[in-house]
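Biologist: I'm new to this one, so could you pick a single part and walk me through it up close? Please be plain about what is tucked away and what is out in the open, and then tell me how that part sits in the rest of the chain.

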Amino acid sequence: MRKRRIEPIYNTTYRQLRRRYVWTRTLLVIAVILVAVGSWMGWQRYKQAQLKRYPIQGISLTQDNGFVDFQQLAKHGISFAYLRASSGATYTDDDFSSNYTRAVGSDVKLGVYHVFSFSTSPKAQAANFERKVKSKTGTLPIAVQVAFYGEYNQRTLKSSATAKRLSEFITLLRHHYHQSVIIWCTPTVWRLLKDSSLSQTQRWVNSGSLTHAGTDISFIEYDDDGSVSMNGQTQKVPRSVFNGSRKQWTDYLNLLAQ
C-alpha cells in the first residue's frame with residue numbers, strides 16, 4: 001500500500017494565510033483605484049460646475065505649444081488668446097509673429113505678453129518688447145508676467161527697488177502704446193506688490209483655482225497644464241477665464257476700445 005504523504009499542519013496554514021493576504025492586498029488595491037477614479041471624476045464635475053460661472057474662456061501661447069488653428073479655437077469656445085512676445089532684454093518668441101498674423105483673421109480676441117526679468121533694466125526690456133511687437137499689441141491689455149525664478153524669490157520682490165523697476169517698465173509700455181497694462185502673477189507675488197504704486201494695476205491671477213476671485217481680478221489662469229481640442233486632436237495649452245459674465249466681457253472690450 002502506497003504511503004500517503006503527510007505535510008506538517010503549519011504548511012497548510014501558511015498557504016491559507018498567504019492566499020488570504022494576496023486577496024486582501026488585491027481588494028485594497030482595487031479599493032484605492034476606485035477611490036482615486038471617483039475622486040478624479042468628482043473633481044472634474046466640480047471644475048466643470050465652476051467653469052459655468054465663467055463663460056469667457058481663453059488660452060496663453062508660446063512657441064512651445066506648436067501650431068494653433070485659431071479658427072478652430074473660436075469654434076470650440078475660446079474667446080481670447082494671449083501670445084508671448086518677449087522675455088527680459090534679449091529673448092523673443094519665435095512663433096509670435098506667425099501666431100499673431102493667423103489669429104487676426106479669427107474671432108479670438110488677442111493680447112500679447114512680456115515675461116519680466118528682475119536682472120535687466122526696464123528700458124532694455126521695453127526696447128526688446130517694442131522691437132518684437134512693433135504695433136502688434138492686440139485689443140486686450142498688454143500683460144506683464146511676473147514670477148519667481150532661480151535666485152529671484154520673495155526676498156527679491158520685498159525690495160522696493162524691484163517694484164520700482166517693474167512700475168517703470170509698465171509706465172514705459174503705457175506711454176509708448178497708449179494701452180492698458182495688466183500684471184499676471186500668482187497670489188503670493190501679488191501680496192508682495194500690492195502695497196506699491198502698482199496696486200491699482202489690473203491683475204491676471206495664476207492661482208489654479210476659480211474660487212475667491214475678487215473684483216480687482218480681470219483674468220484667472222486656472223490650469224497651466226490645460227488642453228484644447230482642434231481638428232480631432234488634443235493640444236496642451238494653459239487655460240484662463242475672464243472674471244465675469246458675457247455682458248461684462250462686452251462692456252470690458254468696449255471700455256478698452258475707448
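Modeller: Let's start with a word we'll need all the way through: a residue is called buried if its relative accessible area is under 20%, exposed if that area is over 50%, and partly exposed in between. Gln72 makes a handy test case. Its relative accessibility is 15%, so Gln72 counts as buried. You'll find Gln72 in helix 2, which covers residues 70-75. Leaving out residues up to four places away in sequence, Gln72 touches Met230 and Asn231.

Keep in mind that what you're looking at is a predicted model. The chain has 258 residues, and 41% of them are buried. Its elements are eight helices and eleven strands. Among contacts with a separation of 6 or more, 66% link residues 24 or more positions apart.

Now for the close look. The part I'd pick is the place where helix 4, residues 122-133, packs with helix 6, residues 160-177. The angle there is about 35 degrees, and the axes are 9 Å apart. As for handedness, helix 4 passes helix 6 in a right-handed crossing.

Who meets whom? From helix 4 come Pro122, Lys123, Gln125, Ala126, Phe129, Glu130 and Val133. Facing them from helix 6 are Arg165, Glu168, Phe169, Leu172, Leu173, His176 and Tyr177. Sorted by class, the residues of this contact are eight nonpolar, two polar and four charged.

Let's stay on each helix for a moment. Ala127 also belongs to helix 4. With a relative accessible area of 28%, Ala127 is partly exposed, because that value falls between the 20% and 50% cut-offs. Thr90 is 37 residues away from Ala127 in sequence, yet their C-alpha atoms are 9.2 Å apart in space.

Over on helix 6, have a look at Ser167. Its relative accessible area is 16%, so Ser167 is buried. Once you set aside the neighbours within four places in sequence, Ser167 is in contact with Ser197 and Leu198.

Next, follow the chain out of helix 4, into the loop that leads to strand 5. Lys134 is in that loop. This lysine has a positive phi of about 55 degrees, although it is not a glycine. Lys134 is exposed, at 57% relative accessible area.

Thr137 lies in the loop between helix 4 and strand 5 too, and strand 5 itself spans 142-145. Buried or exposed, then, for Thr137? Thr137 is buried, because its relative accessible area is 7%, and the cut-off is 20%. Not counting residues up to four places away in sequence, Thr137 touches Tyr100, Leu110, Gly111, Val112, Ile142, Tyr177 and Gln179. You've already met Tyr177 as one of the helix 6 residues in the contact with helix 4. Leu83 is 54 residues from Thr137 along the chain, with 9.5 Å between their C-alpha atoms.

The way out of helix 6 goes through a loop to strand 6, and that is where His178 is found. Here again phi is positive in a residue other than glycine, near 50 degrees. At 71% relative accessibility, His178 counts as exposed.

Strand 6 brings us to the pockets. It runs over 181-185, and both strand 6 and strand 1, residues 57-61, give two or more residues to the lining of the second largest pocket. That pocket holds about 160 Å³ of space. There are 15 lining residues, and the closest to the centre are Ser60, Gln145, Trp184, Asn206 and Glu221. The class split of this lining is seven nonpolar, six polar and two charged residues.

And the largest pocket? Its volume is about 180 Å³. Residues lining it include Trp190, Ser199, Thr201, Asp216, Phe242 and Tyr252. Strand 8, residues 217-223, and helix 8, residues 246-257, are the elements that give two or more residues to this lining. Its classes come out as four nonpolar, seven polar and one charged residues.

To go back to where we began: helix 4 and helix 6 pack at about 35 degrees, Thr137 in the loop after helix 4 is buried, and the loop residues Lys134 and His178 are exposed.

Note on methods: Residues numbered from 1 in each chain as written. Predicted model: local features only at pLDDT ≥ 70, side-chain atom pairs only at ≥ 80, totals over all residues. Heavy atoms only, no water. Axes fitted to C-alpha atoms, helices over the stretch in contact; angles between N-to-C directions. Helix = DSSP H or I, 4+ residues; strand = E, 2+ residues; numbered from the N terminus. Left-handed = near helix turned anticlockwise from the far one by under 90°. Contact = heavy atoms within 4.5 Å. Nonpolar A, V, L, I, M, F, W, Y, C, P; charged D, E, K, R; others polar. 1 Å grid on protein atoms, 1.4 Å probe; cavity = no way out; pocket = protein on both sides within 12 Å on 5 of 7 lines; lining within 4 Å. Points joined across faces, edges and corners; volume = space filled by probe spheres on them. Buried < 20%, exposed > 50% of the residue type's maximum accessible area, 1.4 Å probe, protein only.
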